[in-house]
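Student: Please take a close look at how the strands are put together here, and then place them in the rest of the chain.

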Amino acid sequence: MTPPLRVLIHGGGIGGLTLATALGQRGHRVEVAELRGEPDGVGVGITQPSNALHALREIGVLADCLAAGFRWEELTLCDPAGRTLAVLPQPRMAGVPAANGIPRPALAAVLGRAAVAAGARIRFHTTLTELTEEGEEVKVGLSDGSERRYDLVVGFDGTGSPLRRRLYGDAFGPEYTGFAAWRVTLPRPDWLRGVLVTSADRAAKVSLTPVSDRLMHLAALSAEAEEFRPDPRRAHRQLAERLTGIEGPVAEALAEVTDPAAVVYSRISQVTVAAPWHVGRVVLAGDAAHASTPLLAQGAAMAIEDALVLAESLDAEAEVPAALAAWERRRRPRALWVQALSRAVLRQETGTPTTAAEDELLAIGVPGAAHVLVQPY
Ligand SMILES: Cc1cc2nc3c(=O)[nH]c(=O)nc-3n(C[C@H](O)[C@H](O)[C@H](O)COP(=O)(O)OP(=O)(O)OC[C@H]3O[C@@H](n4cnc5c(N)ncnc54)[C@H](O)[C@@H]3O)c2cc1C
């Protein structure tokens with residue numbers, strides 16, 4: 001399609017800013033409506049696996065991500081006493097590391113700068129209030145009182161996607177998995193140069209991940225009631241209760257967690273839009289369409305791939321609806337495979353019964369999945 005298309009991206013998170021950059025670089029006129037007052041400021045880290053780094057190289061931000069993060073090549077499995085059970089070299093795509101840990105605010109800053117440099121306009125504190133498709137245009141009302149017309153509207157607005165609700169009501173809302181993540185950012189000891197994974201009685205998966213030269217990220221996954229919220233005065237102690245019995249490097253890291261406010265608690269939900277991801281010229285992408293549990297560390301990677309493939313599909317097709325259909329044909333199988341396998345791994349690692357279909361998926365295992373995911377998307 002010949003630029004410029006007028007594109008509104010609803011949600012300036014990881015996927016939205018990647019798409020804004022990719023489309024801006026192609027000469028499209030891009031606006032981003034973001035509810036927050038600044039890019040993603042949640043103070044935790046994220047793992048960027050090799051396929052995400054490969055896609056980020058395509059929009060020219062690989063060097064900035066690596067400079068702000070900490071690249072690693074190996075995953076070390078330990079028992080709860082801290083003894084090493086296995087060291088697994090992680091597969092990687094040519095020319096990029098196996099993985100990069102990075103603080104989320106640093107990633108948001110890199111992507112925000114890239115989007116603006118590509119000519120995108122980011123409207124903070126802004127959300128969509130009206131949406132009507134009129135012929136070959138979408139008429140949109142924004143919360144700043146403006147009314148605008150676009151050729152394409154993309155909902156990269158996360159697990160709770162208001163755009164998804166507009167298209168499908170409550171049909172495909174987030175499904176709570178029964179598990180939650182506890183995360184804390186701490187100083188990185190010099191010896192931690194890859195991800196370390198272990199488990200505890202009340203936490204199925206516990207990890208230490210380097211996210212910069214100075215910082216690492218302690219994460220724990222535990223079964224929690226949907227209505228449970230940590231006590232703001234003693235969240236660090238509640239985390240420690242879940243890690244009772246654990247020794248070695250994780251116990252040493254945990255001893256440094258003394259501030260309850262440093263603990264970030266997130267319920268783990270998944271989203272499956274079991275209808276087309278696009279209606280006319282409005283499309284859902286990233287977590288809004290297919291949020292998965294974080295067991296493969298692939299949610300943001302899938303959002304980034306979605307963005308790149310959408311830009312490529314718009315390049316290749318003559319009409320927006322045809323591009324959206326071609327995009328979905330490429331993305332749906334891979335994103336839903338990641339979602340299904342992540343959920344199966346969650347069940348396996350937490351001792352929850354698995355279905356026969358999940359057992360078949362699990363035959364490949366997490367190392368096998370990593371090998372599949374470094375195949376070009
Ligand atoms: C505990 C945990 C750990 C994870 N770890 C990893 C990992 O290591 N690696 C990985 O690849 N993925 C990981 N993920 C998944 C990853 O965070 C998501 O898949 C990714 O952020 C999805 O990107 P997105 O752009 O679709 O949505 P988001 O990044 O969530 O962005 C959505 C944006 O929409 C905005 N928004 C929401 N509502 C509105 C509105 N009404 N108007 C305007 N804007 C709005 C939000 O403010 C936000 O900026 C993890 C997830 C969790 C929960």
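Tutor: Two strands count as paired if DSSP finds at least two bridges between them. Strands are DSSP runs of E with at least two residues, helices are runs of H or I with at least four, and both are numbered from the N terminus. In general, the strands of a sheet pair through backbone hydrogen bonds, either parallel or antiparallel. The model is a predicted one, in which local features need pLDDT of at least 70 and side-chain atom pairs count only at pLDDT 80 or more, while totals for chains, interfaces and linings use all residues. Residue numbers start from 1 along each chain as its sequence is written.

One open sheet has 6 strands in the order β8-β2-β1-β12-β19-β18, and its pairing is mixed. Its edges are β8 (121-123) and β18 (278-279); each has a single partner strand, so one side of each is left without a neighbour in the sheet. Within this order, β1 (residues 6-10) runs parallel to β12, and 4 bridges join the two. Histidine 10 has glycine 155 in β12 as its bridge partner.

The loop that runs from β12 (152-155) to α5 (162-168) holds threonine 159. This residue has 18 other C-beta atoms within 10 Å, so threonine 159 is classed as partly exposed. The classes rest on that count, with C-beta atoms placed from the backbone: 20 or more is buried, 12 or fewer is exposed, and partly exposed lies in between. Threonine 159 and glutamine 270 are separated by 111 residues in sequence, yet their C-alpha atoms are 7.5 Å apart. Contact here means that the C-beta atoms of two residues, placed from the backbone, lie within 7 Å. Apart from neighbours within four places in sequence, threonine 159 is in contact with Pro174, Ser269, Val271, Asp287 and Ala291.

For a link between β12 and a helix, take leucine 310, which sits in α9. Its C-alpha lies 10.0 Å from that of valine 154, although the two residues are 156 apart in sequence. Leucine 310 is buried, with 28 other C-beta atoms within 10 Å. Its contacts, leaving aside neighbours within four places in sequence, are Leu19, Ala285 and Trp327.

A second open sheet, of 7 strands, follows the order β6-β5-β14-β15-β16-β13-β17, again with mixed pairing. Here β6 (84-89) and β17 are the edge strands; each has a single partner, so one side of each has no neighbour in the sheet. Neighbouring strands of this sheet are turned by 20 degrees against each other on average, direction ignored. The axes behind such values are lines fitted to C-alpha atoms, for helices over the stretch in contact, and angles run from 0 to 180 degrees between N-to-C directions. Inside the sheet, β5 (residues 74-78) pairs with β14 (residues 195-198) in the parallel sense over 3 bridges, and leucine 77 stands opposite valine 197 in β14.

Next come two hairpins that share β10. Strands β9 (residues 128-134) and β10 (residues 137-142) are antiparallel and pair over 6 bridges, with leucine 128 bridged to leucine 142 in β10. Their hairpin leaves 2 residues between the strands, and in it glycine 135 takes a positive phi near 60 degrees. β10 then pairs with β11 (residues 147-150), antiparallel over 4 bridges, and valine 140 has arginine 148 of β11 as its bridge partner. This hairpin has 4 residues between its strands, and glycine 145 in the turn has a positive phi of about 95 degrees.

As for the rest of the chain, an automatic or database domain assignment supplies the domain bounds. They give domain 1 (6-72 + 93-173 + 270-373) and domain 2 (177-268), whose C-alpha centres lie 26 Å apart. Between them, 18 residues of domain 1 are in contact with 20 residues of domain 2. On the domain 1 side, β3, β4 (70-72), β7 (99-103) and α10 (320-349) each supply at least two residues, and β7 gives the largest share, 3 residues.

Both domains also supply at least three residues each to the shell around the ligand. A residue belongs near the ligand if its C-beta atom, placed from the backbone, lies within 6 Å of it. The shell has 32 residues, the closest being Gly11, Gly13, Gly15, Gly286 and Gly299. Elements that supply at least two of its residues include β3 (45-49), β17 (264-270) and α9 (299-316), and α9 gives the largest share, 4 residues.
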